[in-house]
Amino acid sequence: MKKRLYSKIPLAQSIVTLCEAKGITHIVISPGSRNAPLTIGFTENPNMNCYSIVDERCAGFFALGIAQQIKKPVALVCTSGSALLNYYPAISEAYYSDIPLVVLSADRPIERIDIGDGQTIRQKNVFENHILYSANLHSEIVPQTEINDHKVLQKQHEAQKHNEREINLALNKAIEKMGPVHINAPFYEPLYDKIEQPTVDPINVPLEKQYYHFSNELQLDMIDKWGRAKRKMILIGVNPPDSIDQKWIEHFADDPSVLVLTETTSNIHHESHINSIDQLISTLDEDEFKALHPDILLTIGGMVVSKRIKGFLRKYQPQSHWHIDSKKAFDTYFCLTEHIKLKPNSFFSKFVQDTTSVTSTYKSNWIAIREQRRSKHNEYVEKIKFTDLKAYESIFNTLPDNLMLQLSNSSTVRYAQLFSLNPSFKVFCNRGTSGIDGSTSTAIGAALVSTTPTILLTGDLSFFYDSNALWNSYIPSNFKIILINNEGGGIFRILPGKEESSNFSTYFETTHHLTAVHLCKMYGFDYCTANTIEEVTIGVNKICQNDNVPQLLEIFTPRLENDSTLIDYFKYFD
């Protein structure tokens, strides 16, 4: 049995020991020299799952995908300098999506900053606008066993206590508040020395649990308002699968005064819900908007994709807006009145039992309109030519049950909103910042630690932007990518005010003629294409039946027809 070794640097020992003590065992490491003490410490620890990802931006999103699934912090380890800055897109996504990441950056000692040394930047508090906690550690000179001077030993002891306290604070914050933290660790050389026994035994400070008191007074006031309101709307944004008990979903489904609106990323399904919001409200007139106007808005989950529902609720504001979330509440509709800091199940268990159903036609009226919209949707999609919209319909109709569907941003997640997806799907999307930059890396990280077969559905710009994600030795053999290639940022073609010109196609739509065939060959993906609706069906079935090697299906759609097809889709509901 191989004997475990430790970095000779006590600071590195403390970080590794405390990560292990708090159950942080997935470590994504990017190569470097300054971070060698941490790399040694983590890779020599048999309880750590370590992954080597060269590109730090991809590493950040890969770690985010792992943390998204295991719901525990994942650590990132990088060298000093610009390497650290490449984590920022993933850090900001984690911050707004409540995903726990621990960034462990190696640094030069403070006296080496801004004197012209290489790979040296101002790393202290570098993520301060998008981080839960920044721990700036003190550097050490040599291990304590080699110190003879009493004053130096005292300073070393003070530095160790400071570092232990800061590491504990940062790690506890990531666990308790479910978000990103940054620990900056300056190391003196030599960096690669190892020892057989640790020289420090850091104290593991336990979490301090905080409890929210949902006062009886507030609870009774909300119950009273709820009981008197005949038009109540529940809007559910980004929400993890299986996080809301089915009994609460059934309860609101039985209440005629409650209209539940769900997004694709909500992972909530019921026949009485409005699951394609834009399809419902895209062509409503003034009187219809007034009829939809809720007295009470109850929101659950994270970011909402639909711009139309945001615009509607900002104009037709409810008298009361309650957001249910144990951590935070955004005033998205400029009318937030209560933030209940409980998880939805806890809130409903306290709230629902004392509410009564109210006689109302609110739900039934809008369900009838929804059925009309669905009929129109089916008529339109049935008759159109092969475009993005038609391709997405075929994909969703062909995909098998019980899979994880990772969606890229921009047009992909918006097209998904127009369809009633299979309830057995587990749907994820980086909606915290809604960027296209790390969708593939996130999906691969998620697939690695999930027992559910994973498919990434992505657009061409998002895919090519994150193509270094495929430079990854940990891609599961059953991982699939469905790539919609419409030769550019097709979503820009449907925005108001755009006009055809060389400037538009170059600087907004960014047209291209790239394909994924050479990337697949380089990275060992099986590759197939589709150019017709029949080929899409065949291609989806083909990739889903082969789990021996990663698969990519590239679907080519007509760039100049997709926008008019989608614009006409919404006009069809008039």
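## Asn-430 and its surroundings

Beyond its neighbours within four places in sequence, Asn-430 is in contact with Phe-61, Leu-64, Gln-68, Glu-93, Leu-407, Asn-409, Gly-435, Gly-438, Ser-439 and Thr-442. One of these partners deserves a second look: the side chains of Asn-430 and Thr-442 make a polar contact at 3.0 Å. Please keep in mind, as you browse, that this is a predicted model.

Where does Asn-430 sit? Its place is in the loop between S15 and H16, which are strand 426-429 and helix 439-449. Is Asn-430 buried or exposed? Its relative accessible area is 6%, so Asn-430 counts as buried, the cut-off being under 20%. For a sense of distance, take Val-152, which is 278 residues away from Asn-430 along the chain: the two C-alpha atoms are 48 Å apart.

## Backbone features in the loops

The loop that holds Asn-430 also holds Ser-434. Ser-434 is not a glycine, yet its phi is positive, at about 60 degrees. With a relative accessibility of 30%, Ser-434 is classed as partly exposed. Phe-334 is another residue other than glycine with a positive phi, here near 60 degrees. You will find Phe-334 in the loop between strand S12 (320-324) and strand S13 (338-340), and its relative accessibility of 53% makes it exposed.

A peptide bond also belongs in this section. The bond leading from Glu-189 to Pro-190 is cis, with omega near 0 degrees. Pro-190 is found in the loop between strand S7 (181-186) and strand S8 (194-195). Why point these places out? Because most residues other than glycine have a negative phi, and most peptide bonds are trans.

## A six-strand open sheet

Six strands form an open sheet with parallel pairing, in the order S3-S2-S4-S5-S7-S6. Its edges are strand S3 (49-52) and strand S6 (133-136), each of which pairs on one side only. From one strand to the next, the twist averages 20 degrees.

At the S3 edge, four bridges connect S3 in the parallel sense with strand S2 (residues 26-29). If you would like a residue pair to look for, Ile-27 has Cys-50 in S3 as its bridge partner.

## Strand S10, covered on both faces

How many residues of strand S10 (residues 258-262) are buried? Five of the five are, so S10 is largely enclosed by the rest of the structure. The cover extends to both faces: Val-258, Val-260 and Thr-262 are buried on one side, and Leu-259 and Leu-261 on the other.

S10 runs parallel to strand S9 (residues 232-236), and five bridges join them. Across this pairing, Leu-235 stands opposite Leu-261 of S10. Helix H8 (residues 246-253) completes the picture, as S9, H8 and S10 make a right-handed β-α-β unit.

## Strand S19 and its two partners

Strand S19 (residues 551-556) is mostly covered, with five of its six residues buried. Which strands pair with S19? One is strand S17 (residues 480-485), which pairs with S19 in the parallel sense over six bridges. Here the bridge partner of Ile-484 is Ile-555 in S19.

Another is strand S18 (residues 526-530), also parallel to S19 and joined to it by five bridges. In this pairing, Tyr-527 stands opposite Leu-552 in S19. The chain passes from S18 through helix H20 (residues 533-544) to S19, a β-α-β crossover that is right-handed.

Key
Residues numbered from 1 in each chain as written. Predicted model: local features only at pLDDT ≥ 70, side-chain atom pairs only at ≥ 80, totals over all residues. Heavy atoms only, no water. Buried < 20%, exposed > 50% of the residue type's maximum accessible area, 1.4 Å probe, protein only. Helix = DSSP H or I, 4+ residues; strand = E, 2+ residues; numbered from the N terminus. Pairing = 2+ DSSP bridges. Right-handed = clockwise from strand over helix to strand, strands pointing away. Contact = heavy atoms within 4.5 Å. Polar contact = N/O pair within 3.5 Å; in protein donor to acceptor, adjacent residues only side chain to side chain. Axes fitted to C-alpha atoms, helices over the stretch in contact; angles between N-to-C directions.
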